[in-house]
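Got your viewer open and a hand on the selection tool? Let's take a walk through this one, stop by stop.

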Amino acid sequence: KNTISTSRRTEQNRREENMSEDFLKSIGNELYYSEGERVSNTTDVMSGKKTVMLYFSAHWCPPCQRFTPKLVEFYNALKEGGEHDFELIF
């Protein structure tokens with residue numbers, strides 16, 4: 001039983017690592033903060049994150065214009081509250 005359990009965990013870990021690598025490749029090597037400050041390594045930003053949220057929006061979209069400030073407020077409140085195992089990419 002232990003060998004099978006270990007084998008399944010190892011296979012699951014490999015799949016998760018591959019998904020993580022594929023996800024990081026799809027995002028690209030560099031991220032930019034809203035102020036334009038460049039983060040040279042996406043992997044560094046994502047390191048240790050359990051959750052990554054992707055947000056797609058349009059500046060001309062009225063529902064997006066209303067939602068985006070609320071999302072920023074939510075994000076900032078979580079970060080200020082000590083939650084650091086997530087990241088939001090916009």
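**Stop 1: the cysteines.** Start by looking for disulfides: how many does a search of the whole structure find? Zero, in this predicted model. Now select C61, which is in no disulfide, and show its sulfur; the nearest cysteine sulfur belongs to C64, 3.0 Å away. Why is there no bond? A disulfide needs two cysteine sulfurs within 2.5 Å, so at 3.0 Å the sulfur of C64 is too far from that of C61.

While you're here, switch on a surface. Are these two cysteines buried or exposed? C61 is buried, with a relative accessible area of 15%, and C64 is buried as well, at 16%.

**Stop 2: around C64.** Keep C64 selected and bring up its contacts. Leaving out residues up to four places away in sequence, C64 touches Y55, S57, A58 and P69.

**Stop 3: the largest nonpolar core.** Next, select Y55, A58, C61, C64, L71, Y75, F86 and L88 together: these eight residues make up the largest nonpolar core. Which elements give two or more residues to this core? They are α3 (62–80) and β4 (86–89), so colour those two if you like. The largest share, three residues, comes from α3. As a bit of background, nonpolar side chains tend to be buried together in soluble globular proteins.

There's another core to visit, lying apart from that one. It has five residues, and you can find it by selecting L31, V39, V45 and M46, which are among them.

**Stop 4: the rings.** Back to the aromatics. The structure holds three aromatic pairs. Zoom in on Y75 and F86, which form one that is edge-to-face, with 5.6 Å from centre to centre and 80° between the planes. Those are the two values to look at, because a pair of aromatic rings is described by the distance of the centres and the angle of the planes. This pair links distant parts of the chain: Y75 sits in helix α3 and F86 in strand β4, 11 residues apart.

Stay on F86 for a moment. F86 is buried, with a relative accessible area of just 6%. Now add K79 to your selection: what does K79 lie over? The face of F86, at 4.7 Å from the ring centre.

**Last stop: a cluster.** Finally, select Y55, F67 and F90, which ring pairs link into a cluster. You've met Y55 already, among the residues C64 touches and in the largest nonpolar core.

Definitions and conventions:
Residues are numbered from 1 along each chain as its sequence is written. This is a predicted model: local features need pLDDT of at least 70, side-chain atom pairs count only at pLDDT 80 or more; totals for chains, interfaces and linings use all residues. Side-chain values use heavy atoms; hydrogens and water are left out. Buried means under 20% relative accessible area, exposed over 50%, partly exposed in between (1.4 Å probe, protein chains only). A nonpolar core is a set of buried Ala, Val, Leu, Ile, Met, Phe, Trp, Tyr and Cys residues joined through side-chain atoms within 4.5 Å. Helices (H or I, at least four residues) and strands (E, at least two) are DSSP runs, numbered from the N terminus. Contact means heavy atoms within 4.5 Å. Rings of Phe, Tyr and Trp (its six-membered ring) pair if their centres lie within 6.5 Å; planes under 30 degrees apart count as stacked, over 60 as edge-to-face and the rest as tilted. A charge sits over a ring if NZ of Lys or CZ of Arg is within 6 Å of the ring centre and within 35 degrees of the ring normal.
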